[in-house]
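Hi,

Here is the structure I promised to pass on. Have a look at it first, and my notes are underneath.

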Amino acid sequence: MKILLIDGTIIGSKTGAILEQVKVYIQELNGALELEVLKLADYKHQFVDGRPLGEYNADMQKLVHKIEEADGYILATPIFQGSIPGVLKNAFDMLHPRAMRYKPVSIVANGGTYQHHLVIENQLKPILDYFRCLVTPNYVYTHTSHFGEGNVIVDEDVHDRLRELARVFVHYAEMGKILSKETIDLP
């Protein structure tokens, strides 16, 4: 199974540091999963305006194909101004509604206030529900205080929660393998 670890921002490094730690914990649990970090910062983005995919630049098309071809996702995002980054929402807007259907997703996020964890519940989960993803029930939200020098996670509780997120994700990935992606609803 191919799992994308999506770094949902084009600036900063805390989000990437969390993803790298989750990657380690998933590898410890299931070394057979093919893990790839996808950084939105590595792509030349265009504003999504409803055009067919073929009318966007090669980077946007490559981004969509990578997401469509993956079997599951660890989605990492910072919270800016009480919201997910525009570049992440723009990437979601490129996807067909069935692109992530019944594929497992775990969420990790970071922000400057403890209240920003609500963005996951109020903004990110509804988007993933629209795509009918298998969203794991345990997301991990981190705060600036959880990081030390070099953006190393220094809070043991955060490490415990990331290990648990990885454990649950691996089980959801197994479930996702046997769950048909075919739909019975209208196209």
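Below is what turned up when I went through the model, starting with the inside and ending with the backbone. Keep in mind that this is a predicted model.

**The cores**

The largest nonpolar core has 35 residues, and the members that touch the most others are Phe92, Met100 and Leu128. It draws on a good part of the fold: strands E1 (2–7), E3 and E4 (104–111), along with helices H2 (58–69), H3 and H4 (118–130), each supply at least two residues. If you want to see how one of those three residues sits, click on Leu128. Setting aside neighbours within four places in sequence, Leu128 is in contact with Leu75, Phe92, Met100, Val105, Ile107, Cys133 and Val135. So two of its partners, Phe92 and Met100, share its place among the residues that touch the most other members of the core.

There is also a second, separate core of 22 residues, with Val22, Leu33, Val170 and Ala173 among them. As general background, nonpolar side chains in soluble globular proteins tend to be buried together.

**The cavity**

How many cavities of 30 Å³ or more does the structure hold? The search came back with one, and its volume is about 60 Å³. The lining is made up of Ile6, Leu40, Ile67, Tyr73, Leu75, Leu88, Ala91, Phe92, Leu95 and Met100. Two elements give two or more residues to that lining, strand E3 (72–78) and helix H3 (86–94), and H3 gives the most, with three. By class, the lining comes out as 10 nonpolar residues, with no polar and no charged ones. Phe92 and Met100 appear again here as lining residues, having already come up in the largest core.

**The pocket**

The largest pocket is another matter. It holds about 150 Å³ of space. Of the 13 residues that line it, Lys14, Thr15, Pro78, Phe80 and Asn110 are the closest to its centre. Helix H1 (14–29) and strand E4 are the elements that give two or more residues to this lining. What is the make-up of the lining by class? There are four nonpolar residues, eight polar and one charged. If you plan to look at one open site, that is the place where I would start reading.

**The aromatic rings**

A search of the whole structure gives two aromatic pairs. In one of them, the ring centres of Phe92 and Phe131 are 6.0 Å apart and the planes are at 35 degrees, so this pair is tilted. Phe92 lies in helix H3, while Phe131 is in the loop between H4 and strand E5 (134–135), so the pair ties together parts that are 39 residues apart in sequence. Both rings belong to buried residues: Phe92 has a relative accessible area of 7%, and Phe131 is at 3%.

The other pair is Tyr130 with Phe131, and that one is edge-to-face, at 5.3 Å centre to centre with 70 degrees between the planes. Tyr130 is exposed, with a relative accessible area of 52%. Put together, the ring pairs link Phe92, Tyr130 and Phe131 into a cluster, with buried Phe131 taking part in the tilted pair and in the edge-to-face one.

**His117**

His117 sits in the loop between E4 and H4. Is it buried, exposed or in between? At 28% relative accessibility, His117 counts as partly exposed. Beyond its neighbours within four places in sequence, His117 is in contact with Tyr139 and Tyr141. Its C-alpha atom is 9.4 Å from that of Tyr139, which is 22 residues away along the chain.

**Backbone oddities**

Most residues other than glycine have a negative phi. Which residues go the other way here? Tyr102 is one of them, with a positive phi of about 60 degrees, and Asn151 has a positive phi of about 60 degrees as well. Tyr102 is in the loop between H3 and E4 and is partly exposed, with a relative accessible area of 23%. Asn151 is in the loop between strand E6 (140–143) and helix H5 (156–178). At 18%, Asn151 counts as buried, because the cut-off is under 20%.

Cheers

Notes:
Residues are numbered from 1 along each chain as its sequence is written. This is a predicted model: local features need pLDDT of at least 70, side-chain atom pairs count only at pLDDT 80 or more; totals for chains, interfaces and linings use all residues. Side-chain values use heavy atoms; hydrogens and water are left out. On a 1 Å grid over the protein atoms alone, a cavity is a set of points where a 1.4 Å probe fits but cannot get out, and a pocket is an open set with protein on both sides within 12 Å along at least five of seven lines; lining residues have an atom within 4 Å of a point. Grid points are joined across faces, edges and corners, and a volume is the space filled by probe spheres set on the points. Helices (H or I, at least four residues) and strands (E, at least two) are DSSP runs, numbered from the N terminus. Ala, Val, Leu, Ile, Met, Phe, Trp, Tyr, Cys and Pro count as nonpolar, Asp, Glu, Lys and Arg as charged, and the others, Gly among them, as polar. A nonpolar core is a set of buried Ala, Val, Leu, Ile, Met, Phe, Trp, Tyr and Cys residues joined through side-chain atoms within 4.5 Å. Buried means under 20% relative accessible area, exposed over 50%, partly exposed in between (1.4 Å probe, protein chains only). Contact means heavy atoms within 4.5 Å. Rings of Phe, Tyr and Trp (its six-membered ring) pair if their centres lie within 6.5 Å; planes under 30 degrees apart count as stacked, over 60 as edge-to-face and the rest as tilted.
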